[in-house]
Amino acid sequence: REAVRNWTRMQQNIASAMVTSQLEETIRSLLANATPNATTLELLSLPQAAELRRVLSPQVEAHKYNGYVIMEKSGRITASNHDRLVGVVLKGPEMDFVREKVLVEKPMMLPPIKSIVEIPERKGVERTGVPVMYASAPIRNELGEVVAALGLLIQPEVEFTRILEIARIGETGETFAFNRRGQMLSNSRFDEQLRRIGLLKKDEDSTLNISLIDPGVDLTSDSHPKRLPTEEQLTQIVAEAREGRNGVNTEGQRDYRGVPVVAAWEWLDKEGFGIATKVDVREANQTLDIISRVF
């Protein structure tokens, strides 16, 4: 928990530090010259866009970000180091999300979401649906009003998942993050097993592709789910955490594979997601079984 929180704060601080007065002035000038009907080519041709690339690209590379975007209040991406993103206008639920989480008064760190526009994934292929996190900082006008935001694109598997992997226990223990809908926000240590039992497609990773639902049976034993997955069958971890009830279960509960596990979980309200640590009951009780046999 503390490692995740420290990393989150660090990303917010980095985004905030990048917004110098000079950068803010460049972005204000960019917005003033970017007409509402400007094409992607016209936006890319603006001298302010070139200046932003010159200033931000080395910092993006140094911090291993997947890129940057300048998002204005209309939902348009006015500048980015990814040409495909420039000129894209977010609408509907996506725009509501940006208005609520990005175009705000303070730096923010957004949990993993699936990109709705094409960005490079970890293998370098540009496609939609790539898991991405955003560290954002507000851009203000001369009156101090938020008019845009700098967003730094983060690949969850680069650092976020690795922080959680440090807390893996033994052969079956794992620590992971999840959202209110029960979607896993980090990679599972069981991706190969999840592909074999049909919970993941061949080329999928578990981030945002696994729902933490109790299937009712142990899927690793070639059993079939007893019920169709619904939100009512979320694992105890998610059901308790999203209601703000942090806890521990040492008796055993089924995880998303249907395997009995012991677990501890906590909801991080400021960060907007939960984290949990679990280990298979079989492994967790090995020492206890030995002691029981001795006695």
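Is R28 buried or exposed? In this predicted model, R28 is buried, with a relative accessible area of 19%. That value sits on the buried side because the cut-off for the label is under 20%. R28 also has a charged partner: a salt bridge links R28 to E25, with the closest N and O atoms 3.0 Å apart. Both residues belong to helix α2 (residues 21-33), where 3 residues, about one turn of the helix, separate them. E25 itself is partly exposed, at a relative accessible area of 41%.

Why might such pairs turn up at all? Side chains of opposite charge can pair when their charged atoms come close. Searching the whole structure gives 19 salt bridges. One of them joins R84 to E126, and here the closest N and O atoms are 2.4 Å apart. R84 lies in the loop between β2 (77-80) and α5 (92-101), while E126 is in strand β5 (residues 126-127), so this pair ties together parts that are 42 residues apart in sequence. As for accessibility, R84 counts as exposed at 53%, whereas E126 counts as partly exposed at 34%.

Now for strand β1 (residues 67-72), which is mostly covered, with 6 of its 6 residues buried. In a regular strand the side chains alternate between the two faces of the sheet. In β1, G67, V69 and M71 point one way and Y68, I70 and E72 point the other way, and all are buried. What does β1 pair with? On the one hand, β1 runs antiparallel to strand β7 (residues 146-154), and 6 bridges join the two. E72 stands opposite A148 in that pairing with β7. On the other hand, β1 pairs with β2, again in the antiparallel sense, over 3 bridges, and V69 stands opposite S80 in β2. The β1 and β2 strands form a hairpin with 4 residues between them, and G75 in the turn has a positive phi of about 95°.

Strand β2 is also home to T78. How accessible is T78? At 0% relative accessibility, T78 counts as buried. Leaving aside residues up to four places away in sequence, T78 touches L30, L31, A34, L43, I70, E72 and V86. Two names on that list, I70 and E72, have already come up as residues of β1 that point the same way from the strand.

Further along the chain there is an open sheet of 4 strands, in the order β8-β11-β10-β9, with antiparallel pairing. Its edge strands are β8 (174-178) and β9 (247-254), each of which pairs on one side only. On average, neighbouring strands of this sheet are turned by 30° against each other, direction ignored. The partner of β8 is strand β11 (residues 273-280), and these two pair in the antiparallel sense over 5 bridges. Within that pairing, F178 stands opposite G274 in β11.

Charged residues come back into the picture here. A network of salt bridges links E174, D255, R257, K278, D280 and R282. One of the bridges is between R282 and D280, with the closest N and O atoms 3.9 Å apart. That pair makes the list because a salt bridge requires the nitrogen and oxygen to be within 4 Å. D280 is buried, with a relative accessible area of 6%.

Terms used
Residues are numbered from 1 along each chain as its sequence is written. This is a predicted model: local features need pLDDT of at least 70, side-chain atom pairs count only at pLDDT 80 or more; totals for chains, interfaces and linings use all residues. Side-chain values use heavy atoms; hydrogens and water are left out. Two strands pair if DSSP finds at least two bridges between them. Axes are lines fitted to C-alpha atoms, for helices over the stretch in contact, and angles run from 0 to 180 degrees between N-to-C directions. A salt bridge is a side-chain nitrogen of Lys or Arg within 4 Å of a carboxyl oxygen of Asp or Glu. Buried means under 20% relative accessible area, exposed over 50%, partly exposed in between (1.4 Å probe, protein chains only). Contact means heavy atoms within 4.5 Å.
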